[in-house]
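Here's a quick tour of one model, starting with its nonpolar packing and ending with a couple of backbone oddities. Have the viewer open as you read.

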Amino acid sequence: TEAIGLYNLGQSCCLNSLLQVLLMNIRFTGILRRITVPSSPAQRRNNVPYQMLLLLEKMQSGKCKAVGPTDLACCLSEHRVKLFVQHDAAQLFLTLWNLLKKQMKKPELVEELSDLYTICIQEHLACQNCSFEIKSNSTMLTLPLPVLDANSHRLKTLEDCLQYFFHPEELTGENMCFCQQCGRKTTFLQSMKLVHLPQTLTLHLKRFCFERSSHTHKLSHCLPFPQELDFNEVLTENQCQADDSEKATWQYELFAVVAHSGSTSCGHYCAYIRSLTECKWYCFNDSEVCQVSWDDVKCTYGHSSLYWYANLSLFFPNAAPD
């Protein structure tokens, strides 16, 4: 009944933020509560879904303002997830996701987990010299959205980032592809079409920029994101490969923002999450949890004079009725 913090075990703010977002999602916890409990103590110690369930129950006991995720962290270390180091939140989210899928024994739960988070994209490669075309489907856990265009110009809104991600790109020069029909390398048009969106959509803002000198810097310019997002209003017909019943579910409400402060070499993560039962926003900063306003959440839009920047993920649970 109360938002509970997680103690920092030593550079575990990234893990804490992701755990809070997962465990505040009632659709995810509904899956977690139905896992098969491992039979032996050793198996239970090394089972990520089970340790995550124990942490959830510990948080919901209501006895403390914050709890320590020590057992889960030790479990993760057994699966080669390093402790006491800085993590990239997008990579850590993928690691947690893979461990959850691997260790959930019930096929129906794995399928529900996939339905909850997995995005389906169709990639098109079309020769511009003939009619040869290649189509392939792939799944993604997040949509990795650039915040700069090809000319290093800043994209101004989240909707701009989405439109740019799905904008066709001409592959010329060194990027030309071999055409089986033409028998040589030709110019191709590469495009991606959206096939399926999950119940909880995760958008990854790529604010860490890698330069040719191998130097990494952070892009902290302001990039607003909305509380509600309808993909039917953002993407064109040519950018979608779905029927009307699928598109009817492409309406979302913002649920959580994982935000990063500091530089690429030294930083800190926290999470802003809207309770799906109370409809109130909270800031989860390790063991410190407080209620915040939408104006507080908007501080994560980014600005050179502001502290927090949303650089990992915007989590949008589906707003349409099931």
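Contact here means heavy atoms within 4.5 Å. With that in hand, take Met104: leaving aside neighbours within four places in sequence, Met104 is in contact with Ile31, Leu32, Ile35, Pro49, Leu109, Val110 and Leu113. Keep in mind that this is a predicted model.

Now zoom out to the core. In soluble globular proteins, nonpolar side chains tend to be buried together. In this model the largest nonpolar core has 51 residues, and Met104 is listed with Phe28, Met52 and Tyr117 as having the most contacts inside it. Which helix gives the most to this core? That's helix H1, residues 13-23, which supplies eight residues. There's also a second, separate core of 40 residues, with Leu158, Phe165, Trp250 and Tyr301 among its members.

On to the backbone. Most residues other than glycine have a negative phi. Phe84 and Ser152 go the other way: phi is positive for Phe84, and phi is positive for Ser152 too. Here they are side by side:

| Residue | Phi | Loop between | Relative accessible area |
|---|---|---|---|
| Phe84 | near 60 degrees | helix H5 (70-78) and helix H6 (89-103) | 53% |
| Ser152 | near 65 degrees | strand E5 (143-146) and helix H8 (158-165) | 52% |

Are these two buried or exposed? The cut-off for exposed is over 50% relative accessible area, so Phe84 at 53% counts as exposed, and Ser152 at 52% does as well.

How values were computed. Residues are numbered from 1 along each chain as its sequence is written. This is a predicted model: local features need pLDDT of at least 70, side-chain atom pairs count only at pLDDT 80 or more; totals for chains, interfaces and linings use all residues. Side-chain values use heavy atoms; hydrogens and water are left out. A nonpolar core is a set of buried Ala, Val, Leu, Ile, Met, Phe, Trp, Tyr and Cys residues joined through side-chain atoms within 4.5 Å. Buried means under 20% relative accessible area, exposed over 50%, partly exposed in between (1.4 Å probe, protein chains only). Helices (H or I, at least four residues) and strands (E, at least two) are DSSP runs, numbered from the N terminus.
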